[in-house]
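Please open the structure in your viewer and keep the selection panel at hand. The tour goes from stop to stop, saying at each one what to select and what is found there.

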Amino acid sequence: MKSLTRFCVIAALAATLAGCAGAGVSVFQGGTSITAPIQNPVGRDELATIWSAYGAAAAVAVNYRRLGICASGTVETLSRPCARRNVVAALREHSINARRALNIATRFVRDNPNVSALIVLAEARRAVAEFQAVANSTGAR
Amino acid sequence: MDITKIIDTVATVIELASRVVATVEDARPFAENIVKTISGKGGNVTEAELQALIDMANKLGDELEAELPPEDPPKPVG
């Protein structure tokens, strides 16, 4: 009886896995399979657009920084243009964060021309772990 | 008005204008890509084109994210 139960459990498990691994319809397309791949809806065109948005903003920010940092206790004037230290510091910080996110997205798209829910979930889990690590290290929590 | 002040002001305006031109030049490849996308003429970006955009953006990013120089010590009063 015990072996029959074991057989039933194994058979049920095998059937479930076979169903998952089969050519089912992905959950992204209204199906039930979390392992069925679909073509990644984000490709090179979308990456090019988002990198262009960053690049255009960075071009403006870099040229602002090239004015040179204002000396302590001074601000920019028409005859003496300079970049405020606090503004450059904020631009720097946001650029670092933006590039980190862009590099993660680029790596993901290049590594995954096809995606399944399993890959997306694993990536989401990794992103949450990374976010928690950053939050902990900055004392934001 | 002092002639040297006029010359200074004109020089500053020219310098600012050249910076605007430099900014436009730096931003041009990115802006072109965005315009193509908005106008519906984009698409089918090749891997080489994408990598070139990424490299240009990273070059600007590296310059922007360089460490800030140390702050000047406050000048003594008096």
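Begin with two helices from different chains: select helix α3 of chain A, residues 85-111, together with helix α2 of chain B, residues 47-64, and you will see them packed at an angle of about 155°, with their axes 10 Å apart. Because angles over 145 degrees count as roughly antiparallel, α3(A) is described as roughly antiparallel to α2(B). The crossing of these two helices, α3(A) and α2(B), is left-handed. Keep in mind throughout the tour that this is a predicted model.

To see how the two helices meet, show the side chains at their contact. On the side of α3(A), select Leu91(A), Arg92(A), Ser95(A), Arg99(A), Thr106(A) and Arg110(A). On the side of α2(B), the partners to select are Glu47(B), Leu50(B), Gln51(B), Ile54(B), Asn58(B), Gly61(B), Asp62(B) and Leu64(B). If you colour the residues of this contact between α3(A) and α2(B) by character, you will find 4 nonpolar, 5 polar and 5 charged.

Stay with chain B for the next stop, and add helix α1(B), residues 3-38, to the selection of α2(B). What angle do α1(B) and α2(B) make as they pack? The angle is about 140°, and the axes of α1(B) and α2(B) lie 11 Å apart. These two helices are therefore oblique to each other, and the crossing of α1(B) and α2(B) is left-handed.

For the residues that join this pair, select Asp26(B), Pro29(B), Phe30(B) and Asn33(B) in α1(B), which meet Leu53(B), Met56(B), Ala57(B) and Leu60(B) in α2(B). Sorted by character, the residues of the contact of α1(B) with α2(B) comprise 6 nonpolar, 1 polar and 1 charged.

One of these residues deserves a selection of its own, namely Met56(B), which lies in helix α2 of chain B. With a relative accessible area of 34%, Met56(B) is partly exposed. Once its neighbours within four places in sequence are left aside, Met56(B) is in contact with Pro29(B) and Phe30(B). You may also select the C-alpha atoms of Met56(B) and Ala27(B), which are separated by 9.7 Å although the two residues are 29 residues apart along the chain.

Now move to chain A and select Ser52(A), which belongs to helix α2 of that chain, residues 44-65. Is Ser52(A) buried or exposed? Its relative accessible area is 0%, so Ser52(A) is buried. Not counting residues up to four places away in sequence, Ser52(A) touches Phe30(B), Asn33(B), Ile34(B) and Leu53(B). The side chain of Ser52(A) also reaches the backbone oxygen of Ala48(A), at 2.7 Å.

From there, follow chain A to the loop between α2 and α3, where you can select Thr77(A). This residue, Thr77(A), is partly exposed, with a relative accessible area of 40%. A polar atom of the side chain of Thr77(A) lies 2.9 Å from the backbone nitrogen of Arg80(A).

Finish by selecting the whole of chain A, which has 4 helices and 2 strands. Read along the sequence, these elements follow the pattern α-β-α-α-β-α. Of the 141 residues in chain A, buried residues make up 24%, and among contacts in this chain between residues at least 6 apart in sequence, 50% join residues at least 24 apart.

Notes:
Residues numbered from 1 in each chain as written. Chains lettered and ligands numbered in written order. Predicted model: local features only at pLDDT ≥ 70, side-chain atom pairs only at ≥ 80, totals over all residues. Heavy atoms only, no water. Axes fitted to C-alpha atoms, helices over the stretch in contact; angles between N-to-C directions. Parallel < 35°, antiparallel > 145°, perpendicular 65-115°, else oblique. Left-handed = near helix turned anticlockwise from the far one by under 90°. Contact = heavy atoms within 4.5 Å. Nonpolar A, V, L, I, M, F, W, Y, C, P; charged D, E, K, R; others polar. Buried < 20%, exposed > 50% of the residue type's maximum accessible area, 1.4 Å probe, protein only. Polar contact = N/O pair within 3.5 Å; in protein donor to acceptor, adjacent residues only side chain to side chain.
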